[in-house]
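Here's a quick walk through the fold, with the sheet as the main thread. Have a look at the model first, then read on.

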Amino acid sequence: MADREQPVTLRTRKFIRNPLLGRKQMVVDVLHPSRPNVSKDELRQKLSELYKASKDTVSCFGFRTQYGGGKSTGFALIYDSQEAMKKFEPHYRLVRYGQATKIEKASRQQRKQRKNRAKTVRGTAKTKGAEKKKK
């Protein structure tokens, strides 16, 4: 991967220490003039080195590349501990970072169809779906 050796500059702004949620939060500007983009995994690694934190407590999201490329802007959270991250971070982001397992459920359309089928058998003996009444 020749892309990973290309230089990347991180700049943080709007840095806030949030003690109630046990984290530091900031806007991250990524300058990558010779690369199309930078992976979130690589950004987590660089931020953890910059702020002397574990990679497992860093969360990056919402990155948008500016028109013309060369600069991306997003948001980063650095939690004080793994417990704080598990408590306050949304589940889908924990799944992204491999710290939680995805809850497998039927598709939205299948759930709605099941709900509507259940409405037709309401109040009758539930045997595989009652026959519809004829007029």
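Two strands count as paired if DSSP finds at least two bridges between them. Helices (H or I, at least four residues) and strands (E, at least two) are themselves DSSP runs, numbered from the N terminus. One caution before we start: you're looking at a predicted model, where local features need pLDDT of at least 70, side-chain atom pairs count only at pLDDT 80 or more, and totals for chains, interfaces and linings use all residues. Residues are numbered from 1 along each chain as its sequence is written, and side-chain values use heavy atoms, with hydrogens and water left out.

**The overall layout**

The protein chain holds 4 helices and 4 strands, and reading from the N terminus you meet them as β-β-α-β-β-α-α-α. Of its 135 residues, 29% count as buried; here buried means under 20% relative accessible area, exposed over 50%, and partly exposed in between, using a 1.4 Å probe and protein chains only. About 10,000 Å² of the protein chain is exposed, and carbon and sulfur atoms supply 52% of that. Those areas come from the Shrake-Rupley method with a 1.4 Å probe, and for residues only the protein chains shown count as cover. Take contacts (heavy atoms within 4.5 Å): among those between residues at least 6 apart in sequence, 49% join residues at least 24 apart.

**The sheet**

In what order do the 4 strands line up in the open sheet? The order is β1-β2-β4-β3, and the pairing is antiparallel. β1 and β3 sit at the edges with a single partner strand each, so one side of each has no neighbour in the sheet. From one strand to the next, the twist averages 20°. For angles, axes are lines fitted to C-alpha atoms (for helices, over the stretch in contact), and values run from 0 to 180 degrees between N-to-C directions. Helix α1 packs on this sheet and touches β1, β2, β3 and β4, with its direction at about 125° to that of β3.

Here are the strand pairs:

| Strand pair | Bridges | Example of opposite residues |
|---|---|---|
| β1 (residues 9-18) and β2 (residues 23-31) | 8 bridges | Asn18 and Arg23 |
| β2 and β4 (residues 71-79) | 9 bridges | Val28 and Gly74 |
| β3 and β4 | 6 bridges | Cys60 and Ala76 |

Arg17 also has a partner in β2, standing opposite Lys24.

**Turns and positive phi values**

β1 and β2 form a hairpin with 4 residues between them, and Gly22 in that turn has a positive phi of about 65°. The hairpin of β3 and β4 has 5 residues between the strands, and there Gly68 takes a positive phi near 95°.

Which residues other than glycine have a positive phi? Lys14 is one of them, with phi near 50°. Lys14 belongs to strand β1 and is exposed, at a relative accessible area of 61%. Lys52 is another, with a positive phi of about 50°. You'll find Lys52 in the loop between α1 and β3, where it's exposed, at 77% relative accessible area.

**A residue in the α1-β3 loop**

Is Thr57 buried or exposed? Thr57 lies in the loop between α1 (40-50) and β3 (58-65), and it's buried, because its relative accessible area is 6%. Leaving out residues up to four places away in sequence, Thr57 touches Leu77, Ile78, Tyr79, Ser81, Gln82 and Met85.
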